[in-house]
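Open the structure in your viewer and keep the selection tool at hand. The stops below go from one selection to the next.

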Amino acid sequence: MLNSKIVGTGHYVPDNVVKNKDLESVMETSDDWIVERTGIHERRHIVLGGEDTTSTMGTKAAKMALKNANLQPDDIDFIIFATLSPDYYFPGPGVLVQEQLGMKSEIGALDVRNQCSGFIYGLSVADQFIKTGMYTNVLVIGSEVHSGGLDMTTRGRGVSVIFGDGAGAVVMQAIDNNKTGVLSSHLHSEGKHAEELSLISPSTTDWVPNFIERNDPEDIRYYPYMNGNFVFKNAVVRFQQVIMEALNHNGYKPEEIDMLIPHQANLRISQFIQKQMNLPDSKIFNNIQKYGNTTAASIPIALSEAVAEGRIKEGDLLCLAAFGSGFTWAAALIRW
Ligand code: COA
């Protein structure tokens with residue numbers, strides 16, 4: 001039976017490091033507050049107008065994943081790109097990557113809009129295409145540019161200190177073996193909380209001319225909104241539920257996990273899950289301290305770093321889990 005296996009990982013983050021101390025000069029905040037509540041010490045921001053965009057960072061991460069997979073761009077059969085911060089309103093960045101990688105083949109490119117769960121949703125789509133025999137090599141990318149769209153004033157501090165820019169990618173490949181690779185993926189949503197973590201304008205329900213007509217400087221619906229406490233409370237419950245669902249589906253117990261890579265939402269959330277699952281420090285990977293929350297990019301960046309650091313070995317049971325805007329949440333269990 002065909003299964004899908006991750007055969008290459010890659011990531012890219014912009015050079016520009018923004019430390020908590022740097023934020024103190026533009027808003028009322030402090031290194032202590034940010035570290036205590038989120039675990040974040042610094043994040044990366046692109047230089048506006050520079051060469052880094054959501055698609056170009058995704059392409060750089062993809063090049064590293066292709067190199068590690070020992071493949072050329074034209075070996076890829078399909079592109080999946082997860083982001084909430086595309087270069088353009090439309091088209092999505094999948095087609096831009098197809099162009100930037102210089103692909104001769106006119107393969108399909110799919111854009112996924114599931115925010116923090118976007119990478120696992122994308123991985124799950126790639127897994128299904130591979131398991132049915134439709135594609136052999138699928139590129140899955142998560143990339144975000146948050147920095148240009150954040151309210152970098154005291155008014156926006158509850159959101160803007162958390163998010164950072166970056167990209168991660170994997171190459172998934174068909175293998176004729178169901179003992180290794182993606183064992184299962186589990187996807188969920190609860191749309192009644194859509195606006196608890198959202199950016200609602202400009203959109204087809206509130207176009208730019210409405211803003212111009214209202215001419216109200218306090219109307220900040222073009223900045224992301226997050227009900228932080230509510231998100232936190234839901235996240236800690238949903239992470240555990242979906243990880244247990246993935247384990248139960250495959251007949252495993254929490255102690256059999258060799259590595260858990262949670263979406264890097266907040267270090268306190270990761271630590272809470274680690275405690276709930278009774279996992280030692282060696283079995284969880286966190287890098288939010290360096291990058292902040294990079295939404296769809298956080299899991300593939302962490303996976304790429306964990307692989308590069310030798311933290312994941314052949315045969316390990318790897319669990320990926322995410323929760324975020326939608327609300328959406330998801331998990332994937334992988335035999336490495
Ligand atoms: N620096 C300093 N003070 C800040 C601040 C900042 N960056 N952001 C908010 N504050 C202030 C608030 O204004 C508030 O002040 P007040 O008591 O005078 O009104 C106080 O700190 C507490 O704010 P609150 O929002 O209740 O803090 P919190 O303990 O809930 O922590 C988060 C805020 C955002 C860190 C926390 O809710 C969280 O992590 N939520 C989940 C976020 C997340 O994971 N999002 C991504 C999901 S994918």
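The tour begins at the ligand and then turns to salt bridges.

This is a predicted model, in which local features need pLDDT of at least 70, side-chain atom pairs count only at pLDDT 80 or more, and totals for chains, interfaces and linings use all residues. Residues are numbered from 1 along each chain as its sequence is written, and side-chain values use heavy atoms, with hydrogens and water left out.

**The ligand and its shell**

Select the ligand and the residues near it (those with a heavy atom within 4 Å of it). There are 23 residues around the ligand, and Thr29, Arg37, Arg157, Gly228 and Asn266 come nearest. By class, eleven are nonpolar, nine polar and three charged. Here Ala, Val, Leu, Ile, Met, Phe, Trp, Tyr, Cys and Pro count as nonpolar, Asp, Glu, Lys and Arg as charged, and the others, Gly among them, as polar.

Next, colour domain 1 (3-178) and domain 2 (182-335); both give residues to the shell, so the ligand lies between them. The domain bounds come from an automatic or database domain assignment.

**Contacts with the ligand**

Show the side chain of Thr29: an N or O atom there is 2.6 Å from a nitrogen atom of the ligand. Move to Arg37, where a polar side-chain atom lies 2.6 Å from an oxygen atom of the ligand. Then select Asn229, which has a polar side-chain atom 3.5 Å from an oxygen atom of the ligand. Taken alone, the ligand exposes 950 Å², and the protein buries 70% of that (accessible areas by the Shrake-Rupley method with a 1.4 Å probe).

Now select helix 8 (228-250). Helix 8 gives four residues to the shell, the largest share. Helices are DSSP runs of H or I with at least four residues, numbered from the N terminus.

**Salt bridges**

How many salt bridges does a search of the whole structure find? It finds 14, each a side-chain nitrogen of Lys or Arg within 4 Å of a carboxyl oxygen of Asp or Glu.

Select Asp127 and Lys131, whose closest N and O atoms are 2.8 Å apart in a salt bridge. Both lie in helix 5 (residues 118-131), four residues apart, about one turn of the helix. Asp127 is buried at 1% relative accessible area, while Lys131 is partly exposed at 25% (buried means under 20%, exposed over 50%, partly exposed in between; 1.4 Å probe, protein chains only).

Finish at Asp219 and Arg221, which meet in a salt bridge (3.0 Å, N to O). Add Asp206 and Arg214 to the selection: salt bridges that share partners join these residues with Asp219 and Arg221 into one network.

Key
A polar contact is a pair of N or O atoms within 3.5 Å; within protein, one must be able to donate a hydrogen and the other to accept it, and residues adjacent in sequence count only if both atoms are side-chain atoms. Helices (H or I, at least four residues) and strands (E, at least two) are DSSP runs, numbered from the N terminus.
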